[in-house]
Amino acid sequence: MFGGAGIVRGPVTWYCYLLLGFFVFTLTMQGNIVPFLKQELSLTYRETGLHASAIAVGAIIVGLIGDKIVRRYGRRPMLMLGMLACAGGAVMLCVAPAVWASIGACAMIGLG
């Protein structure tokens with residue numbers, strides 16, 4: 001099936017592995033940070049639940065329009081922008097002063 005050479009992983013493959021690992025890290029990071037935000041910002045159960053919902057809404061938006069954006073601007077710039085959006089959302093989540101900022105940060109992670 002693969003011939004004698006086996007599976008060849010080039011630089012693009014390793015770059016995608018790295019980005020996927022970073023994305024999964026940012027998704028799971030919010031699960032560890034939100035309980036601390038709940039205590040620090042005195043969040044209600046509903047406000048706490050909105051964080052995961054914001055990530056899901058961001059991912060749904062990208063699922064609906066992401067292919068058009070990638071066709072227009074290309075994969076490489078969109079991968080970089082997505083990585084920066086995830087990193088920016090993670091930093092914003094860590095320093096969020098209010099519930100609206102932390103939910104917005106989660107939406108940014110989902111968009112990334």
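User: Happy to start with the pocket. Which helices supply at least two residues each to the lining of the largest pocket?

Analyst: Helix 1, helix 2, helix 3 and helix 4 each do. Do keep in mind that this is a predicted model. The top contributor is helix 3, which gives eight residues to the lining.

User: What is the volume of the largest pocket, and which residues lie nearest its centre?

Analyst: Its volume is about 610 Å³. The lining has 22 residues, and those nearest the centre are V62, M78, G82, L111 and G112.

User: Now the interior. How should I read a nonpolar core, and which residues make up the largest one?

Analyst: The general idea is that nonpolar side chains in soluble globular proteins tend to be buried together. Here the largest nonpolar core has eleven residues: M29, I33, L37, L43, A54, I55, A90, L93, A105, C106 and I109. Two or more of these come from each of helix 1 (11-41), helix 2 (45-73), helix 3 (75-94) and helix 4 (99-111).

User: Take A105 as an example. Which residues is A105 in contact with, leaving aside neighbours within four places in sequence?

Analyst: Those contacts are G89, M92 and L93. L93 belongs to the core list as well, alongside A105.

User: C106 is a cysteine, so let me ask about disulfides. How many does the structure hold?

Analyst: Zero. To read this feature, look at the distance between sulfurs, which must be within 2.5 Å to count as a disulfide. For C16, the closest cysteine sulfur is in C86 at 14 Å, so the two are too far apart for a bond. C106 is also in no disulfide, with the nearest cysteine sulfur, that of C94, 10 Å away.

User: Are C16 and C106 buried or exposed?

Analyst: C16 is partly exposed at 38% relative accessible area, whereas C106 is buried at 0%.

User: How many aromatic pairs are there, and which residues form them?

Analyst: The count is one. W14 and Y17 pair edge-to-face, with 5.3 Å centre to centre and 90 degrees between the planes. Both sit in helix 1, three residues apart, so about one helical turn separates them. Y17 is partly exposed, at 42% relative accessibility.

User: One last feature, the backbone. What is notable about the phi of S42?

Analyst: As a general guide, most residues other than glycine have a negative phi. S42 is not a glycine, yet its phi is positive, about 55 degrees. You will find S42 in the loop between helix 1 and helix 2, and S42 is exposed, with a relative accessible area of 59%.

Conventions:
Residues are numbered from 1 along each chain as its sequence is written. This is a predicted model: local features need pLDDT of at least 70, side-chain atom pairs count only at pLDDT 80 or more; totals for chains, interfaces and linings use all residues. Side-chain values use heavy atoms; hydrogens and water are left out. A nonpolar core is a set of buried Ala, Val, Leu, Ile, Met, Phe, Trp, Tyr and Cys residues joined through side-chain atoms within 4.5 Å. Buried means under 20% relative accessible area, exposed over 50%, partly exposed in between (1.4 Å probe, protein chains only). Helices (H or I, at least four residues) and strands (E, at least two) are DSSP runs, numbered from the N terminus. Contact means heavy atoms within 4.5 Å. Rings of Phe, Tyr and Trp (its six-membered ring) pair if their centres lie within 6.5 Å; planes under 30 degrees apart count as stacked, over 60 as edge-to-face and the rest as tilted. On a 1 Å grid over the protein atoms alone, a cavity is a set of points where a 1.4 Å probe fits but cannot get out, and a pocket is an open set with protein on both sides within 12 Å along at least five of seven lines; lining residues have an atom within 4 Å of a point. Grid points are joined across faces, edges and corners, and a volume is the space filled by probe spheres set on the points.
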